[in-house]
Amino acid sequence: MSEVSGDLPLDAPAGRGSAVYDDLKSRFFPTPLSGLATLAGLALAGWILWHALQWALFDAVFTGPPEACREAAGACWAVIHARWRLMFFGLYPHEEHWRSALACLLFLGVIGASCMPRLWQAGRLAVLWIAGFAGFLLLMRGGVLGLSYVPQEKWGGLTLSIFIFVATVLIGMPLAVALALLRRASLPLVARLAGLLIDGIRSLPLITILFALAVVLPILAPGALGSKLTRVILGMALFFAAYQAEIIRSGIQSLPAGQEEAAKALGLHYWRRMAKVILPQAFRRALPPTISQLAIIFMEVAMVMIVGIFDFLASGNAAYGSGEWNFANVEVYVFIALVYFVFVFSLSRYGAYLERRMRVGK
Amino acid sequence: MFQTRHQRAFWLQAAIGAALIAAALLLVRAIHISLEARGLSSGFAFLERSTGWDVAFSLIPYTPADPYWRVLLVGLLNTVFLGAIGLSLATLIGIAVGILRISKNPVIAFLGTAYVELLRNVPLILQVFFWYAIFIHLPRPREAVTVLEGIILTSRGVFLPGLNLQPGIALAAAAVFLGLLLAALVLALLPRPSIGARIWLPRAVRACLLGAVLGAGALLWAGRMPEMPFIQVAYLKGLNFRGGIRLSPELAALITAIALYGGAFIGEIIRAGFLAVGHGQIEAAQALGLGPWKVMARVRLPLALRSVLPTLTNQYVWLLKATTMGIVVGFSDLFLVISTAINQSGQTLELIGILMAGFLILNNALAAAMNLVNRRIALRGTQIRT
């Protein structure tokens, strides 16, 4: 819109105005009623923006003790300044925070790298993710290469949230493929059972699954399935796999039957047919819904705080919950929401980009 | 025995089935032994025991002396109550946002987009926390904020105007209203085989709807308290407000979060539905001389809603499951009630079973009802294709 600036006669009457003026008029003021709506919309947006800016920037306090905040009319960002380490790293030992930060960046790097179409081959992706996962565990756990050992119970904050997300997807994706193939199996009993499992999980709220695995299982069978974090990740993976299996199945079903028949005619047996012909195409078709499912599951990770995992949201609660900052909870939530927004919004923009990119080929 | 593919498939499945049954039996036995070792009884006898604890919010009378089945009923009703309000508000917001999103006016369309992107990309649990923080940080009752002459916002909750009624009237009016509404729904979904049925069934539906509103209204008016105003706005007395309907901060936060978050998702679904309505349909309606409002209300909206109903069903089921978020603010929904009951009674397995069965039944009932509506309102032929 750079042409708008300068000495354009914006108030020129219609008919002898410039092309830009006509364009603007037809878009924003085609009829008096629509023009009124434009003005009302602009006024509303301006009013909201003005108040938001006033609260978040002009009247806000960015550093200092809690007392400085109490007098201010705007937001108290000082709580973030004072407690950001707790929110990002949880109870991880203070002098080792760089390891947690590095591990978090490592995962973000792996996620970013897997967005590049050049790496979209099962082998390359597997190597990338397993290497990334091993690097993360090495950094976070330590105990080798001169790094001090940090037990899993001390992990927390944003790093833990991202770890749970990555582990959920790593376990859940193969499980989803298996469930999708089982549901399409030619043996009716197997197909029925897989369908029952998928639909059963899909009609339960995530929190009941987490609750059953994290809180109830230790009562019934103490010591089963490892630590609480492991059980929570398994529950998340099961939940993710049930939804993702349906996405993959719809991808498989959208392929023309000729693909599988041609592969059969070439003499490929079941596993090669699936691995070389069906699944690569199905994944490509299922990519946009998969991306939005990943975005949803990234947000659902925040639920693990209910069963007592010290994730990003739980650390945020701890950041303001300890006495002196307890008035500043809205600021903490807005900050957490902002961080989530950056992640999830970029993921959904990426999904939209992929959708456009795939449409070009057609 | 294993000669044909058919036989091999049969025995393979038989083996899988037997293995699964054996595994399930072993699991149940192991759990039974583990429970007995710690002296916990199993079975559903505890449902008749009295609970000894109270719940914060209940639609039916409840005291700590009541048995467990009653507290579970309280939780189930609360979940349905929250779900019904949340889903209805989310649908209204969603339709409004969907209409904003398809507007040709770029400013209006941008407002819709900003709303959707802002709310859809932040976890619901965080939004519940946020709204709860907002609602408990409202001014104290003495400095309460009043909106629209009757909605009073305080840190003790949101007060809405209520009605001064004789006892029992509200329940009777609600029964009349819901009963006639249900009758209208059933009549609307009945098959219409003959031309006569096509004429009288819609009339009967309209009569039922009118009767529901008028009947419930008349009943309420007849049951008003003498010498008191019919509509009671909450008033300050001492340190708190009296009269009217009080929404606790927990319930208000949950309703706000679910309605706003659900509205963003439903708005996207509705928008997709509008985009699926063919241009020819709209142009044909305009060519018939219908004004913009009629084109929207009679052509675009009905067609859009029809095309999105299956997606909307999934979203409703998803939102109904989201009511379990009540636990983070302490609203006594089914999940919170059951987790408290597990803590208090130790009947873990039975209560988890009830919880899962409850959600399976609720969700499948909702999905079945929506699918029934979908089948009944589906247009025959190819009109909806573009």
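## Exercises on a predicted two-chain model

The C-alpha centres of domain 1 and domain 2 of chain B lie 38 Å apart. The model is predicted.

**Exercise 1.** State which residue ranges the domain assignment gives to domain 1 and domain 2 of chain B.

*Solution.* Step 1: domain 1 of chain B covers 5-40. Step 2: domain 2 of chain B consists of 47-135 + 247-386. Step 3: between the C-alpha centres of these two domains the distance is 38 Å.

**Exercise 2.** Decide whether B:A22 is buried or exposed, and find how far B:A22 is from B:T63 in sequence and in space.

*Solution.* Step 1: locate the residue; B:A22 belongs to helix α1 of chain B, residues 5-37. Step 2: count neighbours; 10 other C-beta atoms lie within 10 Å of B:A22. Step 3: apply the cut-off, by which a residue is exposed if 12 or fewer such atoms are found. B:A22 is therefore exposed, with its count of 10. Step 4: B:A22 and B:T63 are separated by 41 residues in sequence and, C-alpha to C-alpha, by 44 Å in space.

**Exercise 3.** Compare the radius of gyration of chain A with that of a compact globule of 362 residues.

*Solution.* Step 1: the compact globule would have a value near 21 Å. Step 2: chain A has 26 Å. Step 3: the C-alpha trace of chain A spans about 75 × 60 × 40 Å along its principal axes. Step 4: for the content of chain A, count 15 helices and zero strands. Step 5: of the 362 residues in chain A, 32% are buried. Step 6: among contacts in chain A with a separation of 6 or more, 63% join residues 24 or more positions apart.

**Exercise 4.** Describe the side of chain A that touches chain B: which element gives the most residues, and how do the residues divide by polarity?

*Solution.* Step 1: the contact involves 38 residues from chain A and 40 residues from chain B. Step 2: elements of chain A giving two or more residues are α1 (19-28), α2 (32-58), α8 (188-202), α9 (206-220) and α15 (329-361). Step 3: α15(A) contributes the most, 10 residues. Step 4: this side of chain A has 30 nonpolar residues, seven polar and one charged.

**Exercise 5.** Give the strand order of the four-strand open sheet in chain B, and name its edge strands.

*Solution.* Step 1: the order is β1-β2-β3-β8, with antiparallel pairing. Step 2: β1 (145-147) and β8 (245-247) of chain B each pair on one side only, which makes them the edge strands. Step 3: neighbouring strands are turned against each other by 20 degrees on average, direction ignored. Step 4: β3 (residues 157-160) of chain B pairs with β8(B) over three bridges. Step 5: B:L160 has B:I245 in β8(B) as its bridge partner.

Conventions: Residues numbered from 1 in each chain as written. Chains lettered and ligands numbered in written order. Predicted model: local features only at pLDDT ≥ 70, side-chain atom pairs only at ≥ 80, totals over all residues. Contact = placed C-beta atoms within 7 Å. Nonpolar A, V, L, I, M, F, W, Y, C, P; charged D, E, K, R; others polar. Buried ≥ 20, exposed ≤ 12 C-beta atoms within 10 Å, placed from the backbone. Domains from an automatic or database assignment. Rg over C-alpha atoms; globule rule 2.2 N^0.38 Å. Pairing = 2+ DSSP bridges. Axes fitted to C-alpha atoms, helices over the stretch in contact; angles between N-to-C directions.
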